[in-house]
Amino acid sequence: MMFFLVSCKQEQKLNKIRLQGDVFGTTYHITYLNEENHQKSIDSLFNLINKSLSTYMPTSDISKINKGDSTVVVDDFFVEVFEKARKIYNETDGYFDPTIGRLINAYGFGSGKEKKNLSEEEIKELMSGVGFDKVTLKERRVYRDNSNIELNVNAFAKGYGVDVIGRFLEQKNIKNYIVEIGGEIRARGSKKGKPWRVAIEKPNVDGTRSVQKEINLIDESMATSGNYRKYKINDKGEKIVHTVNPKTGLAQESNLLSVSVRMKGDCADVDAYATAFLAMGLEKTKEFLTKHPELKVVLLYNDKNNELKEYVN
């Protein structure tokens, strides 16, 4: 949904290091000002995050928990993600909810089995497992109220991975860096005295890519969510998007095409907010923002005349 331009190859030039690769089913790009290449350590951190939180790894902690293994003792990654999810679940009145795992699978956007043309009855049954208030974490063990609950934190896993790498670089006393995973970004310091500059994509439905707006990031994190590219058409000709509304269980578009959120904080947080806003729609999101001035957004939507409009706070 959002990108910034970096070299397509790994290079070390003067005091700038650029790294890129594949992780979490997408790509990453890291640029920082330092003499030392930390690729091996970064790869190790990615592996640890996957072992804790990947629903695509049958042996990960979250996969074992979803299968009913109550003996799993979770690590610090899991604890932090769980606590962040709890906070944003409460703040958004449940529009961000990591317990929609079975619905994500049923719609064909997860690691589990897809169900074609879901009926109202099937959606109602799947909704019986939705509700983050039905899950507790005590002494590093996860307890679910019923076995229908399936945790899925993929909605902000990329943002969390960005934070883990960013904090690692900070521990190495690296003050000027930008980390991007699948369009989610954490930027600190500057690029030769100038802000890190990133671009928000125009929500083109024809597959082309163009820039809607450029943003300067100054010690901020930014995440973008949209349904204009990642969707399916079911047998009834209906559009099924990858953002599932936890309130209804439906995978329908809201009136928002693209949501970009930034703040002076963690990328996992803005990643989660962006997902919630996409489900909320334009008016509920604008209302939410009046109570959260720390969040800066670019909301792209179509008006009544089907013309692309932009809301910026």
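**Exercise 1. Salt bridges across the chain**

Count the salt bridges in this predicted model. Then work out which parts of the chain D76 and R140 tie together.

*Solution.*
Step 1. The count comes to 17 salt bridges.
Step 2. Take one pair. The side chains of D76 and R140 meet in a salt bridge, with 2.6 Å from N to O. A salt bridge needs a nitrogen of Lys or Arg within 4 Å of a carboxyl oxygen of Asp or Glu, so this pair qualifies.
Step 3. Place the two residues. D76 lies in helix α3, while R140 sits in the loop between β5 (135-138) and β6 (141-144). They are 64 residues apart in sequence, so the salt bridge ties together separate parts of the chain.
Step 4. Check accessibility. D76 has 52% relative accessibility and counts as exposed. R140, at 33%, is partly exposed.

**Exercise 2. A buried arginine and its partner**

Find where R186 and E170 lie. Decide whether R186 is buried or exposed.

*Solution.*
Step 1. R186 and E170 form a salt bridge through their side chains, 3.1 Å from N to O.
Step 2. R186 belongs to strand β8 (residues 184-188), and E170 to helix α6 (residues 154-171). The two are 16 residues apart, and the pair links distant parts of the chain.
Step 3. The relative accessibility of R186 is 4%. Buried means under 20%, so R186 is buried.
Step 4. E170 has 34% relative accessibility, which makes E170 partly exposed.

**Exercise 3. Two strands and a network**

Locate E310 and K213. Then list the residues joined into one network by salt bridges that share partners.

*Solution.*
Step 1. E310 forms a salt bridge with K213, and their closest N and O atoms are 3.2 Å apart.
Step 2. E310 is in strand β16 (residues 308-312). K213 is in strand β10 (residues 211-217), and 97 residues separate the pair.
Step 3. Both residues are partly exposed: E310 at 33%, K213 at 26%.
Step 4. Now the network. Salt bridges with shared partners join E80, K84, D163, R167, E170, R186, D266 and D269.

**Exercise 4. Two crossing helices**

Describe how helices α1 and α3 cross. Say which class of residue fills their contact.

*Solution.*
Step 1. Helix α1 spans residues 39-53 and helix α3 spans residues 76-91. Their axes come within 9 Å and cross at roughly 65 degrees.
Step 2. The crossing is right-handed.
Step 3. From α1, the contact uses L45, L48, I49, S52 and L53. From α3, it uses F77, F78 and V81.
Step 4. Sort them by class. The contact has 7 nonpolar residues, 1 polar residue and no charged ones.

**Exercise 5. An annotated site**

Which residues does the UniProt annotation "binding site" cover? How far does their largest C-alpha distance reach?

*Solution.*
Step 1. The annotation, from an unreviewed UniProt entry, covers A155, D271 and T275.
Step 2. These residues are spread over 121 residues of sequence, yet they cluster in space. Their largest C-alpha distance is 7.2 Å.
Step 3. Look at A155. It lies in helix α6 and is partly exposed, at 32%. Leaving out residues up to four places away in sequence, A155 touches F96, D271 and T275.
Step 4. Look at D271. It lies in helix α7 (residues 267-280). Its relative accessible area is 1%, so D271 is buried. With the same neighbours in sequence left out, D271 touches A155, F156, A157, K158, G159, E184 and A223.

Note on methods
Residues numbered from 1 in each chain as written. Predicted model: local features only at pLDDT ≥ 70, side-chain atom pairs only at ≥ 80, totals over all residues. Heavy atoms only, no water. Axes fitted to C-alpha atoms, helices over the stretch in contact; angles between N-to-C directions. Helix = DSSP H or I, 4+ residues; strand = E, 2+ residues; numbered from the N terminus. Left-handed = near helix turned anticlockwise from the far one by under 90°. Contact = heavy atoms within 4.5 Å. Nonpolar A, V, L, I, M, F, W, Y, C, P; charged D, E, K, R; others polar. Buried < 20%, exposed > 50% of the residue type's maximum accessible area, 1.4 Å probe, protein only. UniProt positions renumbered as here; feature names shortened; annotations may be inferred.
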